[in-house]
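Dear colleague,

I am passing on the structure we spoke about, and below it you will find notes on what turned up in it. Please read them with the model open beside you.

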Amino acid sequence: MNTFLKGMAILVVANFLGEVVEFLVNMILARELGGSGMGHYMTIVPTIFLIMMLASFELPVSISKMVAEKDDSYHRSMIRHAIRLAIVFTAILFIAAAVALPVIPVFKDYHPLLKWVVLALIPVMTISAIARGFFMGKQQMGKIAVSHFLRRIVQLGLLTFLFQFFEFGSETALLVAFCTLAGSELVVFLYLLHLFILSYQRIKRVPGKHLSGREVRKNLVAVSVPTTGLRIFHSLTHAVQPFLIKAAVVSAGLSPEMATEQFGMLAGVAMTIGFFPAFIAHSFLIILIPTVSKAYAEKEFHKLQKLLQQVMLLTVIYGLPSVTAFYFLAEPLTSKFFHSHEAAVYVQLLAPYFLFHYFTIPMQAYLIGLGLIKDAFIHSVYATAVTFSLIYLLGSRPEWHMEGVILGMNTGSLVILFLHYLTICKKIGITWRAKSTIRYPRY
């Protein structure tokens, strides 16, 4: 538990600093790209993140889980086989992306070089994922924390320099914004690769036990494939959601340009503010997967129950004050930092969505650590069906439009939170009355 709290503290501090920098990054983007440009930026970002996620193949999750569960003597053999798997996967994905990216319709409205910037990120993301998973599994959260902060500060530096000393047209400005994102990923890749090589050299000097390549691949794929499927589903829904929201409010009577601007305020301003405290939830996500995996492998159900209670309590402690402050300070926050008075009402209406999101992130990490990835996927499908249905039904009504969209988002986030929580409680033996009844699960 001391290791958990220490790692958590490191991640929280680093992620807080990173979120401050991310806040500044979005301020610069909002000012330099304008309302329409920010809307176009937020529209394509989910698609790019989907490709980046595919490149990582969720290796940080599967490798960290396996490293946490296996004895140190197996790590050298495991990492060797994981690298071979990653090289094969990267080669296949790179070739497939090189063929597919030039013909994907969504890229036609952007600078022609953007698709090649995304293509270049594929090997960078895959190799970084191996190193990140290894350090997560070893509970070396300092390295993970530095990598997160480094990504944000490099992007901020590049954005500040380029937009300060150069003038760009609207299309080129969007390309520059994405290039700064790619540049920050490259710097993180070099940092993690350097540390990983040093760690691997130390592992090689220690006598180790052999694991067959088939066993390693089976264990990694057993986690990576369903987790990647879950992430693909999330990324696809996030990629589709901007178009669904804009279609709904256009049906309600808004012009396409006005719909794009309102979505830019929703995603680029309101969500930037509301998701600021989520760095704590993401810190939980990183450290909970190996911690829960190890405790579950060793059948420490009392530890799992106590850990869940602590996570929920800490989320209440930071979550409730955060959304309360956002609700009452929405107008000064949006006006001062983003020069957008209209986005204040979106921040207020999204308060439940933000709070439920803070709880959902660590709950998903718990499900992965417990091996309940299939359940997490089913929950996401149910919640997304509810969210998308309400977004269009309510958002397309003239008297609702964007307010109806937000109501749909709030409802969907509540659905997935309850489904996650009830499934976890059933798995680790917590009743509705919070009475601990330890019972061993069926395998």
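To begin with the cysteines, Cys179 is partly exposed, with a relative accessible area of 34%, whereas Cys425 is buried, its relative accessible area being 7%. The two fall into these classes because buried is taken to mean under 20% relative accessible area, exposed over 50%, and partly exposed what lies in between. The count of disulfides comes to 0. Please keep in mind throughout that this is a predicted model, and that every value here was computed from it.

Next come the internal cavities, of which there are 2 with a volume of 30 Å³ or more. The second largest cavity has a volume of about 30 Å³, and the residues that line this cavity are Ile48, Val117, Val118, Leu121, Phe178, Leu181 and Ala182. Two elements give two or more residues each to that lining, namely helix α4 (114-137) and helix α6 (170-204). In terms of residue character, the lining of the second largest cavity consists of 7 nonpolar residues, with no polar and no charged ones.

Is Glu185 buried or exposed? This residue, which lies in helix α6, has a relative accessibility of 5% and therefore counts as buried, the limit being under 20%. The side chain of Glu185 does have a polar partner, since a polar contact of 2.9 Å joins this side chain to that of Arg151. If neighbours within four places in sequence are left aside, the residues in contact with Glu185 are Met52, Leu121, Val124, Met125 and Arg151. Leu121 thus appears twice in these notes, as a contact of Glu185 and as one of the residues lining the second largest cavity.

The last residue I would like to point out is Val221, which is placed in helix α7 (residues 213-251). Val221 has a relative accessibility of 31% and so counts as partly exposed, a value that lies between the limits of 20% and 50%. When residues up to four places away in sequence are not counted, Val221 touches Leu85 and Pro226. Val221 can also be set beside Ile63: these residues are 158 places apart in sequence, while their C-alpha atoms are 9.9 Å apart in space.

With best regards

Conventions
Residues are numbered from 1 along each chain as its sequence is written. This is a predicted model: local features need pLDDT of at least 70, side-chain atom pairs count only at pLDDT 80 or more; totals for chains, interfaces and linings use all residues. Side-chain values use heavy atoms; hydrogens and water are left out. On a 1 Å grid over the protein atoms alone, a cavity is a set of points where a 1.4 Å probe fits but cannot get out, and a pocket is an open set with protein on both sides within 12 Å along at least five of seven lines; lining residues have an atom within 4 Å of a point. Grid points are joined across faces, edges and corners, and a volume is the space filled by probe spheres set on the points. Helices (H or I, at least four residues) and strands (E, at least two) are DSSP runs, numbered from the N terminus. Ala, Val, Leu, Ile, Met, Phe, Trp, Tyr, Cys and Pro count as nonpolar, Asp, Glu, Lys and Arg as charged, and the others, Gly among them, as polar. A disulfide is a pair of cysteine sulfur atoms within 2.5 Å. Buried means under 20% relative accessible area, exposed over 50%, partly exposed in between (1.4 Å probe, protein chains only). A polar contact is a pair of N or O atoms within 3.5 Å; within protein, one must be able to donate a hydrogen and the other to accept it, and residues adjacent in sequence count only if both atoms are side-chain atoms. Contact means heavy atoms within 4.5 Å.
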